[in-house]
Amino acid sequence: MSTLENEVTFRKQAEVNQNLEAQFDSSSTDFILITDHRTSKSKSLEQLEASKETENAESCCSRSARSVFRMKTLRRRLPFLTWLPHYNTKDCIGDLIAGFTVGLTVIPQGLAYSGVVGLPPEYGLYGAFMGCFVYVLLGTCKDSTIGSTAVASLMTFQFAQGSWQRSVLLTFLTGIIEILMAIFKLGCLVEFVSGPVSAGFTSAVALIVSTSQMRSMLGVKSDGGSFLETWISMFRDIENVRVADTCLGFGCVFLLLAMRSFGKLTIGPKDGTRRNRFQRVVNQVIKFVSTSRNASVVILFTVITMYLDANGTNPFRLTGNIPKGMPAPSLPPFSIEAQPGNETAGIPPVPGQNFLEMVQSMGYGLLIVPLMALLETMSVCKAFAKGKQIDITQEMIACGVGNIATSIFSGYRCNGGLARSAVNNASGCRTNMSNLYIGVIVVLALNFLTDYFAFIPKAVLAAIIISAVIFQVQYQVVTPMWRSKRSDLVPGILAFVTCLVLPLEIGIMVAIGVNLLFILYYAARPKVTLEQLETQQGIRFVKITPDRCLIFPSVEFVRNMVLKLGSKSTLPVVIDCTYIYAADYTAAKVISSIVEDFRRRQQKIIFFNLKPSVVSVFEGLNTRLVLCYNTHALNQELRPDEPDLSRSVDSLDHAESGNGASECVSMASTLSLARS
């Protein structure tokens, strides 16, 4: 007979009714509450068997087919079916304003982030429109905007090494991996990256990206694969610093930060309903100037540079020519043709690579890049969820399809960005349609404005990136973490330091590994409560309560504590298994050895409230356990006149015959024992 059947039978036979507290000494007010956390609270054995037969009779394929073509599933996988039928003029105006405002931010950011990846400026724009178009149809968060981010750009540079072929192929392959992760429901992987590790990683990325842009502001050469190596190489070339670019770059940083703070100013009463029309208009102008500060600064200094260049007095380094128009759609490059270098122009030769060599050069970046992108996208969705449930699977589908579409137009990695999405939210977006207008603005810029992009100073683009990522240094989490749990600072600081000193991919892996070690150590050292209790009949026993499941890292620790206690006392031992919700083979072996040790010493050991799923694990080794599921059974087992210690108390056949069948104590009964 199965464990479940035994359990149902036991529940039917355990029919007693008595004042539980009256059985024990009531001199203490301290109580221990033990409940049986059953996996099925209301279904009887017959109902479970009937449902099982129904499930077996129904084909898995037919269930899946019906699920796919249900309207509920279609609306979940095609979210635009939910909001598009109700789209109105008010929504259109709000999305158009938000899309135009964010578009003015996306264009200069795209040009600047391409420098982080080590690619020409046009590639930043190539990756800024297809993701937006796809997210209109598949995205779930109306505030999220898809495009280049500091994390995605730096990760692409780390694994693509400045090659546009590898960058585009990385985008294509990671998009496929994201879709596969969605199909196999692997969004839970992001939960293995804790908050402290994420904060340390993001802070390190902010400093690394800022450092990579310092060479454009200073006009010096730099190389190196880590934060320290980059700074060392820049100091070696410090004598070649360009004063004009340096002054322009730092001046733009201060100007952008001032314009950002300017957006917080308002005129008139704090209550918006009491402001007059003039005050509302002025506040909207202030808000627009602040949110479009990147575009404003770029336009201003582009006009100045065009004037200086026409007079032959331009002292700044410029972006250079950008190809006009959109790239022709094509499959990503699956190989790299060898190209000779040019020593005179300082162009190194490019070795040829086939597809396997390209994939091998990317290494485990194919796993780290989508994981970090998912983490960044989910942070955006959580920031603007407003209590709504987040469909992490659908977000992975949207990002995966968006990156595949982006790679077809020669763009590199794109995903949700918090700063850009905050601008979208502050601009009054109402639906995902704002992403459509953002993409349209980028497409128009590629077709009509590239001639003017050539006059944008590189120092201005560097200032835009630095002023954006400087706020991603999450120093503000240190104080709450110190007050809450100081040990969480260890993986956070480790992630920050290792990502700065070591290559980024190694640093994040080391930090995640150390964080997992902390989790394993916590699992290996459960809190075990020891209490000596006494019943009203004067029977004394020791109660041991582990606070978590029994798995291989922790079971030896629990075993040593139980045996240590058993060797010092001859009292019966009751193990409260209320919080043991899982066990494995190693735990079953150890429990079996504990039971044998106690049996050899003629000392009782009783398992109280052991879950049926855990019992089935122990039964696999034919372990003979003494089980109790209510206080009456426990009281009977603790009586010293029981001659047979090896039997299994799965039911209460030995219960007193005076207890009627109509008087019942359920399996979820409460045990109240006074401390001795």
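**Figure 1. Lys543 and its salt bridge to Glu531 in the predicted model.** In this predicted model, Lys543 has a relative accessibility of 2% and therefore counts as buried, the cut-off for that class being under 20%. The side chain of Lys543 meets that of Glu531 in a salt bridge, with a nitrogen-to-oxygen distance of 3.3 Å. The pair links distant parts of the chain, since Lys543 belongs to strand 4 (residues 540-546) and Glu531 to strand 3 (residues 528-534), with their positions 12 residues apart in the numbering. Glu531 is likewise buried, its relative accessible area being 9%, so that both partners of this bridge fall in the buried class.

**Figure 2. Salt bridge between Arg599 and Glu596 in helix 27.** The side chains of Arg599 and Glu596 form a salt bridge at 3.0 Å, taken from nitrogen to oxygen. Because the two residues stand three positions apart in helix 27 (residues 585-600), about one helical turn separates Arg599 from Glu596. Both are partly exposed, with a relative accessible area of 21% for Arg599 and a relative accessibility of 35% for Glu596.

**Figure 3. Salt bridge between Asp597 and Arg600 in helix 27.** Asp597 and Arg600, whose side chains meet in a salt bridge with an N to O distance of 2.2 Å, also lie three residues apart in helix 27, which corresponds to about one turn of the helix. The two partners belong to opposite ends of the accessibility scale: Asp597 is buried, at 15% relative accessible area, whereas Arg600 is exposed, at 60%.

**Figure 4. A salt-bridge network of Arg242, Asp245 and Arg317.** Arg242, Asp245 and Arg317 are joined to one another through a network of salt bridges. For the structure as a whole, the number of salt bridges is 12. As a general matter, side chains of opposite charge can pair when their charged atoms come close.

**Figure 5. Packing of helix 13 against helix 15.** Helix 13 (residues 243-262) packs with helix 15 (residues 293-310) at an angle of about 140°, and the axes of the two helices are 10 Å apart. The crossing of helix 13 past helix 15 is right-handed. On the side of helix 13, the contact is made by Leu248, Cys252, Leu255, Leu256, Met259 and Arg260, which meet Arg293, Asn294, Ser296, Val297 and Phe301 of helix 15. Sorted by class, the residues of this contact comprise seven nonpolar, two polar and two charged ones.

How values were computed. Residues are numbered from 1 along each chain as its sequence is written. This is a predicted model: local features need pLDDT of at least 70, side-chain atom pairs count only at pLDDT 80 or more; totals for chains, interfaces and linings use all residues. Side-chain values use heavy atoms; hydrogens and water are left out. Axes are lines fitted to C-alpha atoms, for helices over the stretch in contact, and angles run from 0 to 180 degrees between N-to-C directions. Helices (H or I, at least four residues) and strands (E, at least two) are DSSP runs, numbered from the N terminus. A crossing is left-handed if the near helix is turned anticlockwise from the far one by less than a right angle, and right-handed if clockwise. Contact means heavy atoms within 4.5 Å. Ala, Val, Leu, Ile, Met, Phe, Trp, Tyr, Cys and Pro count as nonpolar, Asp, Glu, Lys and Arg as charged, and the others, Gly among them, as polar. A salt bridge is a side-chain nitrogen of Lys or Arg within 4 Å of a carboxyl oxygen of Asp or Glu. Buried means under 20% relative accessible area, exposed over 50%, partly exposed in between (1.4 Å probe, protein chains only).
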